[in-house]
Amino acid sequence: MNFAAQLFYSSYLSERLERLFSPKPALKNSEENDPFWQREELRLGPAEPGNSYKAGLVSNGAVGRRPTLIEPERLKDFGEEELVNGDVKVRDTKVRAETPVVMLMDPPKTRRVSEFRIVPRPPAQYLRFEDISAAAFTIQSGIQKTPCTYSRLSKQYGMEIYLKKEHLHYTGSVKERGALYLLSSLTQEQQRKGVIVATDCNFSMAVAHHAVELKIPVFAIMPSCCSSPRLRIYRDYGAMVISYGSTGHDSQNHARHLAKDNGYLYLEEDESATYLAGLGTVGMEIYEQVPKLDAVVVPAAGQYGLLAGTAAAIKHLNTHILVIGIEPEGFPLLRQSLKTDGPIKDIHSNPNTKLYGDLMERSLGVNTFQLAKKLVDKVISVSEEDSLVAMLRFQEFERSTVDTEGAMGLAAILAGQLPELRSKRVAVVVSSANMELDLVRQCVDRALVLDDRVSKFSVQLGEWPGDMAKLLDVLSREDVRLLDVSHRRHSDKSNLFNAKVECVVETRDRTQSTQLRKTLSERYPSLCWLER
């Protein structure tokens, strides 16, 4: 029982004892008839208005019939007492003391180490789409957004062909994307000291150009076999060109030595995530420029970074888009690596070094191979002849000159190696257009022969006057272009009275070439077509 209840109970007992032992006054008539519990002397609490309160005798320090110190309504706030018609009801709470029962837990079960199952964490993704997006944001001020235009060759080959013209960059190569992002990611200390390159390739030209744009010192160590026009290009970009050694290995070793002694950063095309992220921005632009895309054809050359980066971007945006890699038939490094389920460091082949020299000096890295294995749907190889014909198609229909690496994507379509893309919307990446002028001329001449546009034949003509004129008249009526003619007398000992005439002619297409062959065969039985 709390203090308030004790005080109230003490006052109540004092009042009751006072009433018992004190003389009883005469009761009024009205009080005699009142019940015991309604009499005034039994009422507790403050007096009602208008009624006088009579003080009683003092007993045990308490005044009789004095008002309670606590209002009856507030007794409910104490929780254990209740006021019922002026009485106090006390509730006693009994607590039984029991000994608590302590429950002991079973000892842990001893388990063998082999019973524990170790769940390995998923490996960190080497090239994420977030890295490619960051690269696109970083290089957007230094790289132009190349067009992806509809090709006039679409109707001829039964598909919608869109050409992503990456050869329109300042240095003529898609490698600018990776090189610029790589240079932008260097620390200020590395940018202050400078960078050095030692290989004559598209990557080195991209580094030379963008390093100068970023105010980074750049040195180009080139072998003596490098042509003068190529050296002039590096100087025009603003690089410090140094000729050293007779081979590429000599210049590379010297560049590494200079970088170590002077604190330069030696750069070469590799499979770093930074470089691949920069190249992967091509896939983001293609997906944005060509709606409802079905497939992307990408040249798989160099370090195969363009193929891996583009595939990472495309597959993240839409997994249903096919990614097809194209590589030269004379150097099928990726196809052989996929067959052996591992990157091959070297492959025994003899490709044309003039056409694929820039591609042969590269290798396939482990990370690039894993990305290509996971994301690339198909890898095919194209022949040198198909690439040359594709270069010719670019000049005729697209009014642009590309190199063999840039033409490989279109070469696969021209050769009929992608029949599953019929009636589909296909984007073809044109990666580069860096080829010397004399080599371009040779490639075009060779492509005209491969396309049956330029033919060479020989006929036996007699000594009669006008025979040569008649032959030229036949060629004129067939509307062919005479490129070269050779008239040889007494070239054959068996027929001393005939002359051998060799002609090189150019036709519009294969149909006209077939018609010319038929006409000459009917008129000249000694006709012989020669291989060029």
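Q: Leaving aside its neighbours within four places in sequence, which residues is Leu334 in contact with?
A: Keep in mind that this is a predicted model. In it, Leu334 touches Ala300, Tyr304, Leu307, Glu327, Leu364, Phe369, Ala372 and Val379 once those sequence neighbours are set aside.

Q: Which nonpolar core residues have the most contacts inside the largest core?
A: First the general idea: in soluble globular proteins, nonpolar side chains tend to be buried together. Here, the largest nonpolar core has 68 residues, and Val195, Phe203, Leu267, Val296 and Leu334 have the most contacts inside it. Helix H11 (residues 305-317) gives this core its largest share, seven residues. There's also a second, separate core of 40 residues, with Ile380, Val402, Ala411 and Ile413 among them.

Q: Let's turn to strands. Which residues of strand E14 lie on each side, and are they buried or exposed?
A: Arg425, Ala427 and Val429 sit on one side, Val426, Val428 and Val430 on the other, and all are buried, so both faces are covered. That fits the count for strand E14 (residues 425-430), where six of its six residues are buried.

Q: Which strands pair with E14, and in what sense?
A: Strand E6 (residues 160-165) pairs with E14 in the parallel sense over six bridges. If you want a spot to look at, find Lys164, which is opposite Val429 in E14. Strand E11 (residues 295-299) also runs parallel to E14, joined by three bridges, and there Val296 faces Ala427.

Q: What is the bridge partner of Val296 in E12?
A: In E12, Val296 is partnered by Val323. E11 and E12 run parallel and are joined by five bridges. Strand E12 (residues 322-328) is mostly covered, with six of its seven residues buried. From E12 you can step on to strand E13 (residues 378-382), again parallel and again through five bridges. Look for Glu327 opposite Ser381 there. Glu327 is also one of the contacts of Leu334.

Q: What is the order of the strands in the open sheet of four?
A: The order is E16-E17-E15-E18, with antiparallel pairing. Strand E16 (481-489) and strand E18 (528-530) are the edge strands: each has a single partner strand, so one side of each has no neighbour in the sheet. From one strand to the next, the twist averages 25°. E16 and strand E17 (residues 499-506) run antiparallel and share eight bridges, with Arg488 opposite Lys500.

Q: How do I check a helix? What should helix H17 span?
A: Use the rise of 1.5 Å a residue: the 14 residues of H17 (residues 437-450) should span 20 Å, and the end C-alpha atoms are 20 Å apart, which agrees.

Q: Which residues of H17 are buried?
A: The general idea is that an α-helix has 3.6 residues a turn, so residues three or four places apart point the same way. In H17, the buried ones are Leu439, Val440, Cys443, Ala447, Leu448 and Val449. Just past the helix, Asp452 has a positive phi of about 60°.

Q: How many disulfides does a search of the whole structure find?
A: A disulfide is a covalent bond between the sulfur atoms of two cysteines. The search finds zero in this structure. Take Cys226: its nearest cysteine sulfur, that of Cys225, is 6.9 Å away.

Q: Is Cys226 buried or exposed?
A: Cys226 counts as buried, because its relative accessibility is 10% and the cut-off for buried is under 20%. Cys443 is buried too, with a relative accessible area of 6%.

Methods: Residues are numbered from 1 along each chain as its sequence is written. This is a predicted model: local features need pLDDT of at least 70, side-chain atom pairs count only at pLDDT 80 or more; totals for chains, interfaces and linings use all residues. Side-chain values use heavy atoms; hydrogens and water are left out. Helices (H or I, at least four residues) and strands (E, at least two) are DSSP runs, numbered from the N terminus. The expected span of a helix is 1.5 Å times one less than its number of residues. Buried means under 20% relative accessible area, exposed over 50%, partly exposed in between (1.4 Å probe, protein chains only). Two strands pair if DSSP finds at least two bridges between them. A nonpolar core is a set of buried Ala, Val, Leu, Ile, Met, Phe, Trp, Tyr and Cys residues joined through side-chain atoms within 4.5 Å. Contact means heavy atoms within 4.5 Å. A disulfide is a pair of cysteine sulfur atoms within 2.5 Å. Axes are lines fitted to C-alpha atoms, for helices over the stretch in contact, and angles run from 0 to 180 degrees between N-to-C directions.
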